[in-house]
Amino acid sequence: TVVPQVYATLINGQWTVDMESSYPMKTDAPNGSASATIGYGINNSIRIGGSIIVKEGKKPDYRANIRIELAEDHSYWLQGYITRESLEARLAINL
């Protein structure tokens with residue numbers, strides 16, 4: 001399944017705002033989603049924050065997260081999420 005994703009990050013000082021949206025191209029795949037994350041950098045490498053996630057046809061969900069910057073130019077990072085139901089991790093690489 002191909003799931004196109006649009007992702008934007010705004011960094012202003014210690015604050016980070018991430019906006020994300022995705023929608024699968026296959027009709028029997030789960031519906032699309034959108035999320036917004038606000039984070040605060042406790043140092044140059046670690047940001048902590050929270051997200052709100054809206055999935056098509058469902059109530060909004062929330063998660064806490066920690067983002068570990070792996071490059072000084074913010075081109076890639078490892079992000080961990082804690083939800084009511086799971087622990088998740090994602091490696092993001094911007095080309």
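This is a short tour of a predicted model, going from the whole chain to a cavity inside it.

**Stop 1: the whole chain.** Start with everything shown as a cartoon. You will find seven strands and zero helices, so the pattern along the sequence reads β-β-β-β-β-β-β. Turn the model around: along its principal axes, the C-alpha trace spans about 40 × 30 × 20 Å. The radius of gyration is 14 Å, which agrees with the value near 12 Å for a compact globule of 95 residues.

**Stop 2: the surface.** Now switch on the surface. The accessible area comes to about 6700 Å², and 60% of it belongs to carbon and sulfur atoms. How many of the 95 residues count as buried? The share is 27%, with buried meaning under 20% relative accessible area.

**Stop 3: contacts.** Consider pairs of residues with a separation of 6 or more: 19% of their contacts join residues 24 or more positions apart.

**Stop 4: the cavity.** Rolling a probe the size of a water molecule over the atoms shows where empty space is left. Here there is one cavity of 30 Å³ or more, and the largest cavity has a volume of about 40 Å³. Which residues line the largest cavity? Select Thr16, Asp18, Thr37, Gly39, Arg47, Ile48, Asn65, Arg67 and Gln79 to see its lining.

**Stop 5: the walls.** Keep that selection and colour the strands. Strand 2 (15–22), strand 3 (33–41), strand 4 (46–55) and strand 5 (61–69) each supply at least two lining residues. Colour by residue type next: the lining of the largest cavity divides into one nonpolar, five polar and three charged residues.

Definitions and conventions:
Residues numbered from 1 in each chain as written. Predicted model: local features only at pLDDT ≥ 70, side-chain atom pairs only at ≥ 80, totals over all residues. Heavy atoms only, no water. 1 Å grid on protein atoms, 1.4 Å probe; cavity = no way out; pocket = protein on both sides within 12 Å on 5 of 7 lines; lining within 4 Å. Points joined across faces, edges and corners; volume = space filled by probe spheres on them. Helix = DSSP H or I, 4+ residues; strand = E, 2+ residues; numbered from the N terminus. Nonpolar A, V, L, I, M, F, W, Y, C, P; charged D, E, K, R; others polar. Rg over C-alpha atoms; globule rule 2.2 N^0.38 Å. Buried < 20%, exposed > 50% of the residue type's maximum accessible area, 1.4 Å probe, protein only. Contact = heavy atoms within 4.5 Å. Areas by Shrake-Rupley, 256 points an atom, 1.4 Å probe, with all protein chains shown as cover.
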